[in-house]
Amino acid sequence: MNRKLIDWPTFIASFVLLLCVVIPLVIYPEAGEAFVNKLNEFVSGNFGFLYLLMGLGIFFFLVFVAFSQNGHVKLGEKDEKPEFGTFSWAGMLFSAGIGSSILYWATIEWAYYYQGPPFGLDPTEQQIETIQWASTYGIFHWGPIAWAIYTLPAIPMAYFFYVRKTPVIKISETLRPLLGNTSDSFIGRFIDVLFIFGLLGGAGTTLALGTPLITAGVSDITGLEDTMLLRTIILLGVTLIFGISSYLGLKEGIKKLSDFNLTLAVFLLIFVFITGPTLFISEATTNSIGLILDNFFHMSTWTEPLANVGDFNETGFPEAWTVFYWAWWLVYAPFVGLFIARISRGRTIRQVIVGTIVYGSLGCLLFFGVMGNFGLYLQLTGSYDVISVLNDQGAPVAIISIINQLPLAKFMVIVFVILSVVFLATTFDSSSYILASVTQKEVEDGEPERWNRLFWAFTLCILPLTLMFLGGLSTLQTASIIGGFPLIFIMFMLAWSFMRASTGDLKADDKFRPKTVVLDYKRIRERIRLRRKKQREKENNNQNEE
């Protein structure tokens, strides 16, 4: 154990900040929840457009970087091969980025849009449009913009770690080209602490969704009642899995868990696709892709500007869904970005950008297309009333009920529960790994201290577990999203810092060739004249020889 490696001010401040938020919620749960919700309404209601502009801006910035000279830079040495194969790399970034939340929302999110559609549609009078958007909007929310938000922090972090050989994995370190020595001051530590707080709150969101879902599945399989005791046992079991995996490290633990996770996910999707309404799933998913391509900019910028203006009523859809999702991705972005950076050694920046956005979006498309449209089909055909179960018994029960409509129902519920556990464990596994890295002054041999990894692994469990007993987990989630508001501006700084550092390094390299070409037309015309003259002389010589 090397305590000198630990960045104690960041380590202690992060833990204390979390306690400062949690303890008042424990003592005054109702007042704390009311205050946090009002603050959330103020931020999302008045600054929601900033989240939307940020998402669209990040997406186009990364497209530009991928196909610029900066995108050709390799993250590592000249002849170095990627540290992980494509399958393992895609599996790890996908598992870290979405966790068990994909199983939750991919299966049931359509039902919320079915009852409260976007663009002010009336679900009873405009049923066809409502159904189509219900099938589509989840794919959009978990699509290219979401994965672009995840990818942006990965690029400067990977660049500094693998190109500039900086042995520190921190947000503040990637901002050094802009902040200078200020990165080592209170401001730099504040940025790192803000990131850690957001991650812990974002992890609370995943736990809030994943634990009841797993419990509902276990209850369905075993017949045990869904109680707080059962949820606690399940949460501790998941913690044990990701604690062991985190202790083993990146290659022995996280990689193997992610490989198993991805294999099981592919099996689930193939089974539902083949045994379910294959044609409907195929056509509905294809139709959704077309709707997104046709309306990408509209969906990316819709802010419901006519809400409560004249006779127009406010639906709150953008704030409740798109703004919330962009804020959620934003809170998780530094963590996922750090993890993507850590596993991307040996790849080019272009490969990281294109691979993350494409593999991530494609994985979510398959989940929403297959699982979501299967549930939608059950509702439309009257085979099973998903909406009634959702409204009466809650989302976890509705999700497990949908799985129960498959052939070999009990077996598939077992597969679904195992996949949920592994997804949840993989996400927290990666989270504890990155939290340990951020709270160290440097990371030796690419691995943070084991005791540090274990500390954050159990911290990720203990605090949300306490709030779960008190019913304040969703409040911590909301608080973290509010706390993540400054990250909008930090994301802008990360992009600026990367461009300044990488462009400066490219220009200083002896192999650099400027993209701007200056043409000397007089010299060009003279060369063309000489070339034509030589051609004529050659032709004349050929004729004389004949």
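How many aromatic pairs does a search of the whole structure find? The search finds 47, and two of them are stops on this tour of a predicted model.

**The whole protein**

Begin with the entire chain in view. The secondary structure consists of 21 helices and zero strands. Of the 546 residues, 55% are buried. The accessible surface comes to about 24000 Å², and carbon and sulfur atoms account for 62% of that area. Among contacts with a separation of 6 or more, 83% join residues that are 24 or more positions apart.

Next, colour the model by confidence. The mean pLDDT is 83, and 88% of the residues reach 70 or more. Confidence is highest in helix α12 (residues 278-301), at a mean of 96, and lowest in helix α19 (residues 473-483), at 65.

**First aromatic pair: Tyr113 and Trp321**

Return to the 47 aromatic pairs and select Tyr113 and Trp321. Their ring centres are 4.9 Å apart and their planes meet at 65 degrees; the pair is edge-to-face because an angle over 60 degrees counts as such. Tyr113 belongs to helix α4 (residues 101-115) and Trp321 to helix α13 (residues 317-343), so the pair ties together parts that lie 208 residues apart in sequence. Both residues are buried.

**Second aromatic pair: Trp133 and Tyr137**

Now select Trp133 and Tyr137. Here the ring centres are 5.8 Å apart and the planes are at 50 degrees, so this pair is tilted. Both residues lie in helix α5 (residues 127-141), four residues apart, which is about one turn of the helix. An α-helix has 3.6 residues a turn, so residues three or four places apart point the same way. Trp133 counts as buried at 9% relative accessibility, and Tyr137 is buried with a relative accessible area of 0%.

**Thr206 in helix α9**

Proceed to Thr206, which lies in helix α9 (residues 186-222). Its relative accessible area is 2%, so Thr206 is buried. Which residues does Thr206 contact, once its neighbours within four places in sequence are left aside? They are Ser100, Ser101, Trp328, Tyr332, Leu424 and Phe428. Show Leu424 as well: its C-alpha atom is 7.6 Å from that of Thr206, although the two residues are 218 residues apart along the chain.

**Gln379 and helix α16**

Select Gln379, located in helix α14. Is Gln379 buried or exposed? With a relative accessible area of 15%, Gln379 is buried, because the limit for that class is under 20%. Leaving aside neighbours within four places in sequence, Gln379 is in contact with Trp110, Tyr114, Tyr384, Asp385, Val386 and Ile387.

Then highlight helix α16 (residues 395-403), which is mostly covered, with eight of its nine residues buried. The buried residues are Ala395, Pro396, Ala398, Ile399, Ile400, Ser401, Ile402 and Ile403.

**A nonpolar patch on the surface**

Finally, switch to a surface display and select Val63, Phe67, Val354, Val358 and Tyr359. Together these residues make a nonpolar surface patch of about 430 Å². Helix α14 (residues 349-381) supplies the largest share of the patch, three residues. Phe67 is located in the loop between α2 (29-66) and α3 (86-98). At a relative accessible area of 57%, Phe67 is exposed, whereas Gln379, in helix α14, is buried.

Notes
Residues numbered from 1 in each chain as written. Predicted model: local features only at pLDDT ≥ 70, side-chain atom pairs only at ≥ 80, totals over all residues. Heavy atoms only, no water. Patch = residues over 30% accessible without salt bridge, like charges linked within 9 Å, V, L, I, M, F, W, Y side chains within 5 Å. Areas by Shrake-Rupley, 256 points an atom, 1.4 Å probe, with all protein chains shown as cover. Salt bridge = Lys/Arg side-chain N within 4 Å of Asp/Glu carboxyl O. Helix = DSSP H or I, 4+ residues; strand = E, 2+ residues; numbered from the N terminus. Buried < 20%, exposed > 50% of the residue type's maximum accessible area, 1.4 Å probe, protein only. pLDDT = per-residue confidence, 0-100. Contact = heavy atoms within 4.5 Å. Phe/Tyr/Trp six-rings, centres within 6.5 Å; stacked < 30°, edge-to-face > 60°.
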